[in-house]
Amino acid sequence: MLKLYGGAFSRATIVKWYLEELSVPYEFVLLDMQNGEHKKPEFLAINPIGKVPAIVDGDFQLWESGAILLYLAQKYGNLPNSPEYKATLTQWVLFANATLGPGVFVEANRDREMPRLMTALNSILEKQPYLLGQEFSVADVAVGSMLAYIPMMLKEVDLSPYPAVLDYMKRVTERPAFQKAMQR
């Protein structure tokens, strides 16, 4: 059975959400980050960087939330075989981690980046319910999770100028798999 390693408040929740969407059985291994379980040799053998999330799927080990999401999509997600489709998924997962996250959650970037990013997302989501069109995908898990963290972590941020983004956030956070993954 696939094992997902994570901390109490970590990006492992993003991976949990996608595992729930895919109905892939998994064991969640909660590491006590406060007591340094992520720095012990047993976990460093899985991720030498000592960060979560990480997975062990049979003999295969992988860390970094975006890489894990893409792996799960390819292995369990019944994706179209098109390199263009896979590249587009990769684009959105990388966007979530490398552009959206730092643009929103790094305070020094927020005033400059957030309006540009949210305006673009709002424009896309005014035309379609999900990032790739009509169907929910791993792209929505990656981007949707970053957006869902905004009201949890940045109470002062006002997203009301972006109604399509707010509708999207509501749509993805009401999904049963999201709700299950967020349960503590």
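A residue is called buried here when its relative accessible area is under 20%. By that yardstick, helix H1 of this predicted model has plenty to show: Ala12, Thr13, Ile14, Val15, Lys16, Trp17, Tyr18, Leu19 and Glu20 are all buried. That makes nine of the 11 residues of H1, so the helix is largely enclosed by the rest of the structure.

Part of the company H1 keeps is helix H3. The axes of H1, which spans residues 12–22, and H3, which spans residues 65–76, come within 10 Å and cross at roughly 10°. The two helices are therefore roughly parallel to each other. On the H1 side, the contact is made by Ile14, Val15, Tyr18, Leu19 and Leu22, while H3 brings in Ser65, Ile68, Leu69, Leu72, Ala73 and Tyr76. Sorted by class, that contact has 10 nonpolar residues, one polar residue and no charged ones. As background, an α-helix has 3.6 residues a turn, so residues three or four places apart point the same way.

Just past the end of H1 comes Ser23, with a positive phi near 55°. Ser23 belongs to the loop between H1 and E2, and at 62% relative accessibility it counts as exposed. Something similar turns up after H3: Asn78, in the loop between H3 and H4, has a positive phi of about 55° although it is not a glycine. Asn78 counts as exposed too, with a relative accessibility of 75%. A third backbone detail sits in the loop between H2 and strand E3 (54–57), where Pro53 is found. The peptide bond leading from Val52 into Pro53 is cis, and its omega is near 5°. For context, most residues other than glycine have a negative phi, and most peptide bonds are trans.

Aromatic rings are another thing to look for, as the structure holds six aromatic pairs. One of them is formed by Tyr5 and Phe43, whose ring centres are 5.7 Å apart and whose planes meet at 50°, so the pair is tilted. The pair ties together distant parts of the chain, since Tyr5 sits in strand E1 (residues 2–6) and Phe43 in helix H2 (residues 41–44), 38 residues apart. Both partners are tucked away: Tyr5 counts as buried at 12% relative accessibility, and Phe43 is buried with a relative accessible area of 4%.

Tyr130 and Phe136 make another pair, with ring centres 5.6 Å apart and planes at 90°, so this one is edge-to-face. Tyr130 and Phe136 are both buried. These two rings also belong to a wider group, as Trp17, Tyr130, Phe136 and Phe178 form one aromatic cluster. Through Trp17, one of the buried residues of H1, the cluster leads back to the helix described at the start. Two arginines join the scene as well. Arg171 lies over the face of Tyr130, 5.8 Å from the ring centre, and the charged end of Arg175 sits over the ring of Phe136, 3.6 Å from its centre.

Loops have buried residues of their own. His38 lies in the loop between strand E2 (26–30) and H2, yet at 10% relative accessibility it counts as buried. Leaving out neighbours within four places in sequence, His38 is in contact with Leu31, Met33, Phe43, Leu44 and Gly50. Among these is Phe43, the ring that pairs with Tyr5.

Leu159 tells a comparable story in the loop between helix H6 (138–153) and helix H7 (163–173). With a relative accessibility of 8%, Leu159 counts as buried. Not counting residues up to four places away in sequence, Leu159 touches Met114, Met118, Ile150, Leu166 and Met169. To give a sense of scale, Leu159 and Tyr26 are 133 residues apart in sequence and 34 Å apart in space, C-alpha to C-alpha.

Ala98, found in helix H4 (residues 83–105), offers a contrast with these loop residues, as Ala98 is exposed with a relative accessible area of 55%. Ala98 and Ile49 are 49 residues apart along the sequence and 18 Å apart in space, again C-alpha to C-alpha.

Conventions:
Residues are numbered from 1 along each chain as its sequence is written. This is a predicted model: local features need pLDDT of at least 70, side-chain atom pairs count only at pLDDT 80 or more; totals for chains, interfaces and linings use all residues. Side-chain values use heavy atoms; hydrogens and water are left out. Axes are lines fitted to C-alpha atoms, for helices over the stretch in contact, and angles run from 0 to 180 degrees between N-to-C directions. Helices (H or I, at least four residues) and strands (E, at least two) are DSSP runs, numbered from the N terminus. Angles under 35 degrees count as roughly parallel, over 145 as roughly antiparallel, 65 to 115 as roughly perpendicular and the rest as oblique. Contact means heavy atoms within 4.5 Å. Ala, Val, Leu, Ile, Met, Phe, Trp, Tyr, Cys and Pro count as nonpolar, Asp, Glu, Lys and Arg as charged, and the others, Gly among them, as polar. Rings of Phe, Tyr and Trp (its six-membered ring) pair if their centres lie within 6.5 Å; planes under 30 degrees apart count as stacked, over 60 as edge-to-face and the rest as tilted. Buried means under 20% relative accessible area, exposed over 50%, partly exposed in between (1.4 Å probe, protein chains only). A charge sits over a ring if NZ of Lys or CZ of Arg is within 6 Å of the ring centre and within 35 degrees of the ring normal.
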